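These notebook entries record what I looked up in one protein structure. I took the topics in turn and wrote down each result.

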Amino acid sequence: MSQHPPKTGLEAADPDRAPAAPEGLGLLDHARKFVRVEAEAVAGLVDILDENFLAVIALLARCPGRIVTTGMGKAGLIARKAAATFASTGAPAYYVHPAESLHGDLGMITGQDVVMAFSHRGATEELLRMVPYLKYIGTPLVLVTSNGESELARQSDLVLNLRVEREACPLNLAPTASTTAMLALADTLALTLLQDRGFGPEDFAVYHPGGALGRRLLTRVADLMHSAEDNPVVAEVAPVREAILQMTSTKMAAASIIDGEGRLAGFFTDGDLRRYLMQGGSDLAIPVGKLMTRNPKRVRPETMAVKALEILREHKIIELPVVDEDQHPVGIIHLHDITRAGII
């Protein structure tokens, strides 16, 4: 008897090789139905955004401690994500596993915190066993559930009832629509809290220093500029030859030119040198002050790097002198220094 090799993943995914769909609805029809059920669960949240929702926001806003999220199974995964979203938007938060809490982790929760529990049916045994401790230390409990009549709901200080009556799962068993609604509500809580606290882009950047926005809003010229021996500075009475040597030794395409008091008098670039040579100049002993660009664009060390980038692009230049409050050159910043830092 001949044996046929098993189908590969590509063969199994080939519509021409796939088995015929069962009579009635096709698979795509089922898939669209599942999406509609989940979309309806999220849309239904609009009806629960009332005074009770605002009471939860007020409780979270005045919380002197941390928002502690908790939940078992799929709801627990939503609770973990909720804690991460709260924390990243300026509301200190962390997740506690209900089962682990009963074996010592309850000590992580204090009377200064607010506990937010996620449970679709409100019957999670581990959550119910946490309640006596929370009441003992005076920690408020907020429940996110689809069963506002459950025992856990009765034991909670505030309840956000999702009112999700059916799951997208055709067996109405696997948590799907309920967890989608939980996730959307958790995000809504975090974003409403963010709005209430006036949390802006600068605040977001503080919590996301490794992201693009963090780099744009937190990186200053002082963080990127070339300074000390890497900063070419030449007196305006010095010969052009000296300026060229300074630029070559520091691998920069420009040099800050100072007056007799050490203040920025001009900026000498390789472009200035090229223009001089193209005009027939050849005397490298002439004072660099005769060829420099006077009153150049400049920035301060505390200037945001993104602002320096705007100046460079607007004026189509690649380097800027960096000066202190007394106009003494303390550094030089190149366009590539900024773009290499991921600021675009």
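**Entry 1: Met 116**

Leaving aside neighbours within four places in sequence, which residues is Met 116 in contact with? I noted first that the model is a predicted one. With those neighbours set aside, I found Met 116 in contact with Val 56, Leu 60, Val 68, Thr 69, Thr 70, Phe 86, Val 142, Val 144 and Leu 189.

I then looked up the largest nonpolar core, which has 39 residues. Met 116 is among the members that touch the most others, together with Phe 86, Phe 118, Leu 185 and Leu 189. Two or more residues of this core come from each of the helices H2 (27-43), H3 (51-61), H4 and H8 (177-196), and from each of the strands E2, E3, E4 (141-145) and E5 (158-161). Helix H8 gives the largest share, nine residues. I added a general remark: in soluble globular proteins, nonpolar side chains tend to be buried together.

**Entry 2: Thr 89**

I next located Thr 89, which is in the loop between helix H4 (73-88) and strand E2 (93-95). Is Thr 89 buried or exposed? Its relative accessible area is 7%, and residues under 20% count as buried, so I recorded Thr 89 as buried. A polar atom of the Thr 89 side chain lies 3.1 Å from the backbone oxygen of Phe 86. Phe 86 had already appeared in my list of contacts of Met 116.

**Entry 3: The cavity**

I searched the whole structure for cavities of 30 Å³ or more and found one. The space in the largest cavity is about 40 Å³. Which residues line the largest cavity? I listed Thr 70, Val 115, Ala 117, Leu 127, Met 130, Val 131, Leu 134, Leu 141 and Leu 152. Of these lining residues, eight are nonpolar, one is polar and none is charged. Strand E3 (114-118) and helix H6 (125-137) each supply at least two of them. The largest share, four residues, is from H6. Thr 70, which is in this lining, is also a contact of Met 116.

**Entry 4: Helix H13 and the largest pocket**

In helix H13 (residues 270-278), I found Gly 271, Asp 272, Leu 273 and Tyr 276 to be the buried residues. They pack against helix H12 (240-250), strand E8 (264-269) and strand E9 (293-294). Gly 280 follows H13 and has a positive phi, near 95°.

I then turned to the largest pocket, with a volume of about 300 Å³. Its lining has 17 residues, and those nearest its centre are Phe 267, Thr 269, Thr 293, Ile 317 and Glu 319. E8, H13, E9 and strand E10 (319-323) each give two or more residues to this lining. The largest share, four residues, is from H13. Sorted by class, the lining has seven nonpolar, four polar and six charged residues.

**Entry 5: The second largest pocket**

What volume does the second largest pocket have? I recorded about 240 Å³. This pocket is lined by 17 residues, of which Ala 75, Ser 119, His 120, Arg 121 and Pro 175 are the closest to its centre. Helices H4 and H8 are the elements that give two or more residues to its lining. I counted seven nonpolar, seven polar and three charged residues in that lining. Both helices had also come up in my entry on the nonpolar core, where each gives two or more residues.

Note on methods: Residues are numbered from 1 along each chain as its sequence is written. This is a predicted model: local features need pLDDT of at least 70, side-chain atom pairs count only at pLDDT 80 or more; totals for chains, interfaces and linings use all residues. Side-chain values use heavy atoms; hydrogens and water are left out. On a 1 Å grid over the protein atoms alone, a cavity is a set of points where a 1.4 Å probe fits but cannot get out, and a pocket is an open set with protein on both sides within 12 Å along at least five of seven lines; lining residues have an atom within 4 Å of a point. Grid points are joined across faces, edges and corners, and a volume is the space filled by probe spheres set on the points. Ala, Val, Leu, Ile, Met, Phe, Trp, Tyr, Cys and Pro count as nonpolar, Asp, Glu, Lys and Arg as charged, and the others, Gly among them, as polar. Buried means under 20% relative accessible area, exposed over 50%, partly exposed in between (1.4 Å probe, protein chains only). A polar contact is a pair of N or O atoms within 3.5 Å; within protein, one must be able to donate a hydrogen and the other to accept it, and residues adjacent in sequence count only if both atoms are side-chain atoms. A nonpolar core is a set of buried Ala, Val, Leu, Ile, Met, Phe, Trp, Tyr and Cys residues joined through side-chain atoms within 4.5 Å. Contact means heavy atoms within 4.5 Å.
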